[in-house]
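This report covers backbone outliers, helix packing and the surroundings of a ligand.

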Amino acid sequence: MSGAQRGGTSSPAAPGTLDIIMARKRRELAERPRLAPRPRPEPRDFTGALLRRAAGRPVTVIAEVKRKSPSGGAFPHSDVVAVARAYEAAGASAISVLTDGPDFGGALEDLVAVRAAVSIPVLRKDFLVAAREVEESALWGADAILLIADALEDGELREMLATAHQVKVAALVEAHTEAHAERALAAGARLVGINNRDLATLKTDVGTALRVMPKLRSRSQVLVAESGLKSLAELRAARDAGADAVLVGESLLRDADPGRALRRLMGEDGGSP
Ligand SMILES: O=C(O)c1ccccc1NCC(=O)[C@H](O)[C@H](O)COP(=O)(O)O
C-alpha cells in the first residue's frame, strides 16, 4: 500500500520511510529461498501475558530491544540479550525484538538468543510481507509477530492472520490511523496496536493512541499503545483510553540502565496506579 493510497488521493506522493522499507522487504523476500525448517520451541502465551497486569501497575509493558532505528539513530546498548534479561527482571510482560538488519541492526538470531535468555513471550518485530514469513517466525521461536496494517493489502492481512492462527503464533496488528485499525479488525485481528509514530514521516504524537483506542476498545481483545512513551503519566493516560499494554523502546534504551528505566516508567517509585 503506497503513500498515495494511504492518503486516499490519486495524485502521486513521495514514498515515506515505511514504503521504502516495505519495498526492500518485498525484494529481499523474492530473492531468498525459504528458511530451513528447525525444531520449534513450545509457544508462550503472549495474549495472556499482556492481560495479566500486576497490582500497582497501570498497564503491562512490552519492552523493546533494538540497536538503532531510522528516527532514533544508534542506541547505547548493543547486547540485546543483556537488555532483555534486565527488562524481564524489572517486570516486563513480553520482549519485542527487532529482527530487521539494515534499519534496526537486528537479526533472527537475536530473536533466538533473547528467547533462550528469558522466560516471558517474545514478539518478532519486523516488516513481514508474506504468510511464509509468519511460518518461519514461528519456527524461529516467535511467540508473536507484528503485522503493519498500513503497509499490507486486505488480502495479505487476512492470509497472514490465518497463517498465524494455524501455526499458533499471536499476531499484533498495528495501525497508525482509525481507518487502518478498522481494516485490521475487519481482517480478523484480535490484538490491535495503535502506533503513535507515523511510519511515513516518523513524526510521533503520543495523543494518537489516546484518540483512536476508545473507538476500538469494545471490539479488541487486547489494545496496545505504541511508540514515544516516556513517563508514568503517559502510561496512565494510555490505560484510561483503553490500553491493556504499551510497547516501549527508545525511552528505556536511552538510559544507561534500561531495567531501572523500566521500573521507573511503571511507577515502581511508590506512586499510585
Ligand atoms: O522507530 C522508527 O524510526 C521506525 C521507522 C520506520 C518503521 C518503524 C519504526 N519504528 C517501529 C516502532 O514504531 C517502534 O519500534 C516501537 O513502537 C517502539 O517505539 P519507541 O518506544 O518510540 O522506541
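L202 counts as partly exposed, because 15 C-beta neighbours lie inside 10 Å, a number between the limit of 12 or fewer for exposed and that of 20 or more for buried. In this predicted model, L202 is found in the loop between β8 (191-195) and α9 (207-216). Its phi is positive, about 70°, although L202 is not a glycine. Most residues other than glycine have a negative phi.

S227 is also not a glycine and has a positive phi, of about 80°. The loop that holds S227 runs between β9 (222-226) and α10 (232-240). S227 is buried, since 27 other C-beta atoms lie within 10 Å. S227 is also one of the closest residues to the ligand, a group that further contains S69, S71, G249 and E250. A positive phi of about 110° is found for G91, just after α4.

**Surroundings of the ligand**

In total, 21 residues surround the ligand. Elements that give two or more residues to this shell are α2 (17-31), β10 (245-248) and α11 (250-253). The largest share, three residues, comes from α2. Sorted by class, the shell has eight nonpolar, nine polar and four charged residues.

**Helix pairs**

Two packed helices are described by the angle between their axes and the distance between the axes. Two pairs are set out below.

| Pair | Angle | Axes | Crossing |
|---|---|---|---|
| α6 and α7 | roughly 25° | within 8 Å | right-handed |
| α4 and α12 | about 30° | 8 Å apart | right-handed |

Helix α6 spans residues 131-139 and helix α7 residues 154-166. The angle between them is under 35 degrees, and α6 and α7 are therefore roughly parallel to each other. On the α6 side, A131, V134 and E135 make the contact, and they meet E159, M160, T163 and A164 in α7. By class, this contact of α6 with α7 has four nonpolar, one polar and two charged residues.

The angle between α4 and α12 likewise leads to a parallel label: α4 and α12 are therefore roughly parallel to each other. Here V83, A86, Y87, A89 and A90 of α4 are in contact with P258, G259, L262 and R263 of α12. The contact of α4 with α12 has seven nonpolar, one polar and one charged residues.

Which residues of helix α4 are buried? Within residues 80-90, they are V80, V83, A84, A86, Y87, E88 and A90. An α-helix has 3.6 residues a turn, so residues three or four places apart point the same way. The cover over the buried residues of α4 includes α12 (258-265), together with β1 (60-65), β4 (94-98) and α5 (108-117).

**I145 in strand β6**

I145 is placed in strand β6, residues 144-148. Is I145 buried or exposed? I145 counts as buried, because 27 C-beta neighbours lie inside 10 Å. Neighbours within four places in sequence left aside, the contacts of I145 are R124, L128, V134, S137, A164, V169 and A171. Of these, V134 in α6 and A164 in α7 also take part in the contact between those two helices. A170 is 25 residues from I145 in sequence, and the two C-alpha atoms are 6.3 Å apart in space.

Key
Residues are numbered from 1 along each chain as its sequence is written. This is a predicted model: local features need pLDDT of at least 70, side-chain atom pairs count only at pLDDT 80 or more; totals for chains, interfaces and linings use all residues. A residue is near a molecule or strand if its C-beta atom, placed from the backbone, lies within 6 Å of it. Helices (H or I, at least four residues) and strands (E, at least two) are DSSP runs, numbered from the N terminus. Ala, Val, Leu, Ile, Met, Phe, Trp, Tyr, Cys and Pro count as nonpolar, Asp, Glu, Lys and Arg as charged, and the others, Gly among them, as polar. Axes are lines fitted to C-alpha atoms, for helices over the stretch in contact, and angles run from 0 to 180 degrees between N-to-C directions. Angles under 35 degrees count as roughly parallel, over 145 as roughly antiparallel, 65 to 115 as roughly perpendicular and the rest as oblique. A crossing is left-handed if the near helix is turned anticlockwise from the far one by less than a right angle, and right-handed if clockwise. Two residues are in contact if their C-beta atoms, placed from the backbone, lie within 7 Å.
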